[in-house]
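Here is a friendly walk through one helix pair, the core and a small enclosed space. Have a look at the model first.

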Amino acid sequence: MICSLRQPSIGITGSDVVLRQKHATPFQACSFLPPLPLKKKPQKHVVSVNKPLHVASVSVGNFGSVKDFEGFEKRESDDLVKCGAYEADRSEIEAAGPSEAAKKVKIGIYFATWWALNVVFNIYNKKVLNAYPYPWLTSTLSLACGSLMMLISWATGIAEAPKTDLEFWKTLLPVAVAHTIGHVAATVSMSKVAVSFTHIIKSGEPAFSVLVSRFLLGETFPVPVYLSLIPIIGGCALAAVTELNFNMTGFMGAMISNLAFVFRNIFSKKGMKGKSVSGMNYYACLSILSLALLTPFAIAVEGPQMWAAGWQIALSQIGPQFIWWVVAQSVFYHLYNQVSYMSLDEISPLTFSIGNTMKRISVIVSSIIIFHTPVQPVNALGAAIAVLGTFLYSQAKQ
């Protein structure tokens, strides 16, 4: 849009228009311009827009006649100021475009990294558990590795150490308890059944979330949320009853993990409001506290004697690469969780929920391919229905 105005009517100064690069100066819809009389319609303004204008160029001089725009007639005066502008929804205005595009790229990198790390962790975790069926120790090593990595990062200045107090650790304690239970239960499940089956059952976590929030916390949800639970529960049930290698311990481990992680999320939301520790450091503190809680129970349930005997058997059967498997599953467990918590600082809970659903799909498919897990068509149908229900749930909660 072109604004033509008579020079004596207004003085354009640095406070009115900043002549910088294109798109640099957004301002309201020419509200500073006085009425600009025309010969035939002296009562109307030349500028009449409902959207903000952005200055494209301003120049002074004799422009003769402006013929390219309907409604303009030949001007006889030589003292015109020509102000070129365009409306905010024009494609030319992309001032926020690069930053928005960069944010989308960053989120995409977070998601891709999160999914890839999770797939790698599940593969190495299952390899370790097949050769070394001690899920309590495996869970402890995962938390210990992450805690050690973050302590070194804080000590060397790679990452800024969080500023915490006693109140912070008190509010973190119930979160850590739920996180520890959920972590161990999921590992126990994967030691007994296929990775794909564990994740199919864990896709039913939204159902636990709604039921706990409704009956224990008194929260209500829209009808579409309740309806989305039908395919989640139905799909998980169909996958369970048609699982070729069904194991009750594995099934119950996945169910307990779902329930524990629901309480973890509830405690986290209630206790961590207003706290300055978030993202990477929040998960690091959670890992350290969970490690302190889990270690004595792991020793009591399994114990060093069982660990030592099993370790020798695994080394004799697998060889030195078994050590690499243990290190890899421990490192990748911390990394994928760390990235997921970092992504929470950048995206909405809804986007995170959708990303978590897609993550489960990638883990289920990749584990079936890598471990050659036998899958019946009806079993695959149940998995697909459950995952679809999870997606519908995330949309219904929007």
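The axes of α9 and α10 come within 8 Å of each other and cross at roughly 120°. Axes here are lines fitted to C-alpha atoms over the stretch in contact, with angles from 0 to 180 degrees between N-to-C directions; helices are DSSP runs (H or I, at least four residues), numbered from the N terminus. The table shows who meets whom, with contact meaning heavy atoms within 4.5 Å.

| Helix | Residues in the contact |
|---|---|
| α9 | Trp311, Ala314, Leu315, Ile318 |
| α10 | Gln321, Phe322, Ile323, Trp325, Val326 |

Eight of these residues are nonpolar, one is polar and none is charged.

This is a predicted model: local features need pLDDT of at least 70, side-chain atom pairs count only at pLDDT 80 or more, and totals for chains, interfaces and linings use all residues. Residues are numbered from 1 along each chain as its sequence is written, and side-chain values use heavy atoms, without hydrogens and water.

Now to the core. The largest nonpolar core (buried Ala, Val, Leu, Ile, Met, Phe, Trp, Tyr and Cys joined through side-chain atoms within 4.5 Å; buried is under 20% relative accessible area with a 1.4 Å probe, protein chains only) has 45 residues. Tyr132, Leu172, Leu286 and Phe322 have the most contacts inside this core. Helices giving two or more residues to the core include α1 (97-131), α3 (166-192) and α8 (279-301). Leaving aside residues up to four places away in sequence, Leu286 touches Leu172, Val175, Ala176, His179 and Tyr341.

Methods:
Buried < 20%, exposed > 50% of the residue type's maximum accessible area, 1.4 Å probe, protein only. Nonpolar A, V, L, I, M, F, W, Y, C, P; charged D, E, K, R; others polar.
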